[in-house]
Amino acid sequence: MTADRLRVEALGSLRAWRGDNELDLGPARQRAVFAALATRATTQPMTMAELIQAVWGATAPASASGSVHTYISGLRQILDPSRTRWSTGGLLVSDASGYLLRLDNDALDVHEFEQLCDTARSCRQDGNVGGGVETLDRALALWSGEALSGVPGPYAESLRTRLAERRILALEMRAAYLLELGSHEDLVPDLTVLVRKHPLRESLWQSLMITLHREGRTTEALDAFRNAREVLRNELGITPGPALVEVHRQILTNDPALIPAPADERPSDKLLSVLPDHVAHTIEDRRTSLHLCRGREKEIAELRQLVDDVLKGHGRTTWIEGEPGIGKSDLLMAALADIGERGCHVAWTAPSEPGQQFPLQTIMDCLGMDAGEATARRALEDVDPVTSTADRVLAYVDRLCATAPLVMIIDDLHWADEASVLVWNRISVAARQLPLLLIAASRPVPRWEELAKARRAAESRGLEVITLAPLADSDAEDLIGDLVGARPGEELRSLVPKAAGNPLYLREVIGALAREQSIEVTDGIANVRNGTAAKAPESLIGAVVRTLDLADELTRETLRRAAVLGAEFGLAQIAATMDKMPSDLLGVFEHVMETRIIVDTETHLAFRHPMLRWTLYNEIPKNVRASWHRRAAEALAETGSGVEQVARQLVAVPAAVDDWVISWLTENHESLSNRAPSIAAMLLHQVSDECPSDDPRREVLLAAYVLVLCLLDQEPLELAKEAMLISRDPDRAAEMRHLAAMILLRRGDTGQAIDLLEGNDSPETPLIWRERRRSLLADFNRGDIGRTRQKTPHPHHDALADEEPHQGDRTRPLLRVATDRPRHRRARMSYGRRRIRFRSARPPPLRSAAGSGVDRAPHRSASGHKIPAATWTGPDTVSEERRVVTFHGLREPGPAALMHGGVSKPVCGRGRDPEAAQYLRAPGTERERCSVLHRAFGRTTIPRTCLAVDLIFASGHGQAGSH
């Protein structure tokens, strides 16, 4: 078989491979042409007329012939990309008789299915009924959905119908063969589905009736006959056939012929092979395709070495441990894919979650023994039936190991029944003397003590433990690439941190995107289509719920409280929300950290995966969430958490505002507004609305709400007026009046703004707001520089003459606005040099805004005061730095931004520290203003630049008065 051999699948979606590369077969009608060629034209050519009939039928357009030529050409380019136009070779060839596709007979799954069905009939005729069942299982495993799904045309529709009929015949044969063997377990669900889909097939009704009768459900078997009779009469107008009537009679008379003879528990000469259906199908698929088990190469090698050892006669017990979805089952199937071909018995099972119907059912299912028969014998034996059955199981294992090595796998052992766990422990003891490899896969913490005891006992005997850790990021990206068939783009790679190393998350999310056709590949890069969100599908949510099923009620409530706190939290915080001591929850956290629901990040505790938190949070009743968030906020405040964390709890779910919330926000609104303005706005809006009107804290909160809205580029004019009217603090009332005037100015209503500012001219108004009123009034007249210069310079010059520089700082903006246009830059530079000459003899002391007593401007960095020494260590941190309101509009960059740009250039220009150059980058208006200062500094000496801070504040703000 060559490496580039063509393979085609039609028992599902139409797919084709050239070697290991899947081919894109093109548009729908081109796929219809390929389907016809692959299923009909592999031995005899198809003519143009036959292809047209296959694709369009009687409704073919006049251009059909040209279209077929186009499709043939497209298929040739896909099948043989290197083929030249006039080449006569390749996979798709043509001659005078038509078109022929060179496809091996065993390279088409349709042919393989038909051959396997024929082989199954031959096995039955030769007396090998069990071989017939195994062959039919292989044939049915080839199906992945409706044949030729999505392929149009009358030929595809006809072939779909024919193949569907053959599949039903194979299912009927399999049911009949299993009943003949006496293996009727698990047949009822399959047959029930089949009779619903195909109610006119009497053979299916017959098998269902026999199966129900053998399981002791005789009443249901008789009901099935009545249903079949009614359907046949209503649909076809006929009565049931002789075979169905005879089975009905046998059930009525309890004919022993319907009950099979007890199966001999003696192993046959051939090797035992018991595989769950999903395992058998997956292993079969991996024989022809690359398995997806990224990042587990070391563990696969360990398991394969253990198989090598047992084939040499050395038995072992191995325990594979890992969290749900980490890949335990996938590891087993990847490492043991060829186990059936290595000359040993294989016994494999995976118990289901709800528990088992019978004791020892897990261990008996693993060995292929009849649990129903064991139940029937209980009434006939005087000894304990579980003990008796366990002895037979152990004897059966001994006999198997006497004929060949035995590999016995129990996946999800934590779901096994208790009796099976006890027998597993006894078999583990025997593994030291027998050619027996006993493999168990389980979650980190057992569901009950018996399983924990079994593990401890096995560890004392030298248990081999394989622990599966989360996938590395590189392996997770490779897994995504395997799943999508291309290198993942940025959006798909963003799933890696969300998966937290769990392959199940990636498989389920990628699978959901693929089903929605939301992944597109461009230039070899796979991306998510625009507008598509990578959401967790229900199957993944169900897996998360199963993880949490191991937790008791106290543990679950603790986890829910943690989910309310967020992705990260502390033990003390959770204990505070539950009104408990942290020591009371130590046992709970030991348990959840052992199960890896919670992990230690060194600084906090955190949920291992975001889906765990999401699931737990949604378990909290909606009418309870508000009170839990409120309690969480108080607990976070008590434990010294940041104001953002507390505020997020208060805005998470709307709740009634109480006295504690009002007090906390009154004390912390300024810090919250600076750190998280959007959250502050939401919370201030809610609390200020619900705070009683006679509560003195309301004016503080309303003023804070106005300020944070300004910070968010909004214009809260009415709120500012309301805050101004209710404020009993003159400073706060003046600030709100000033803000309202600036909003009016921005809206173009200068007259109303001037009238409103008159209220800040009274003696009761703090000095800072009276001076800012004068600055703002000067800005209204900035269009006429001459008039403005005549009106405004005197207070400033008077202050300079009296050597009162700080009082001069209050009025300096009036001169600055008069020279703020580019054509007046020379005047501004002259002014700057005069200020430097005046102040160089008396450097101003560095004062904080808090120390000034009146100014509310942000704290100023000390970077500018390093200029006299010509030292630069980078810009200092400006505490509570934010954009401030100025008379140019509502918001401008904070003082630190302008200061860093304005101070760095003179220092850098003097050659003292080139690193300062990195702070020269500034956007538009800031760079324009700083350039004027740079030119002014260029004609002064470095010691004189100690006033850089003053000039920068004057150049960009009307708040130059604070230092």
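Mentor: In this predicted model, a residue is called buried under 20% relative accessible area, exposed over 50%, and partly exposed in between.

Trainee: Why is Asp658 called partly exposed?

Mentor: The relative accessibility of Asp658 is 29%, and since partly exposed covers the range between under 20% and over 50%, Asp658 counts as partly exposed.

Trainee: What makes the contact of Asp658 with Arg630 a salt bridge?

Mentor: A salt bridge needs a side-chain nitrogen of Lys or Arg within 4 Å of a carboxyl oxygen of Asp or Glu, and the closest N and O atoms of Asp658 and Arg630 are 2.8 Å apart, so the pair qualifies. Asp658 lies in the loop between helix H29 and helix H30, and Arg630 lies in helix H28, so the pair ties together parts that are 28 residues apart in sequence.

Trainee: Is Arg630 buried or exposed?

Mentor: Arg630 has 18% relative accessibility, and because buried means under 20%, Arg630 counts as buried.

Trainee: Why is the pair of Asp80 and Arg18 also called a salt bridge?

Mentor: Their side chains meet at 3.2 Å, N to O, which is within the 4 Å that the term requires. Asp80 lies in the loop between helix H3 and strand S4, whereas Arg18 lies in strand S2, so this salt bridge ties together parts that are 62 residues apart in sequence. Asp80 itself counts as buried, because its relative accessibility is 9%.

Trainee: How do you know that S6 and strand S8 pair?

Mentor: Pairing requires at least two bridges between the strands, and S6 and strand S8 have 2 bridges in the parallel sense, so the requirement is met.

Key: Residues are numbered from 1 along each chain as its sequence is written. This is a predicted model: local features need pLDDT of at least 70, side-chain atom pairs count only at pLDDT 80 or more; totals for chains, interfaces and linings use all residues. Side-chain values use heavy atoms; hydrogens and water are left out. Helices (H or I, at least four residues) and strands (E, at least two) are DSSP runs, numbered from the N terminus. Buried means under 20% relative accessible area, exposed over 50%, partly exposed in between (1.4 Å probe, protein chains only).
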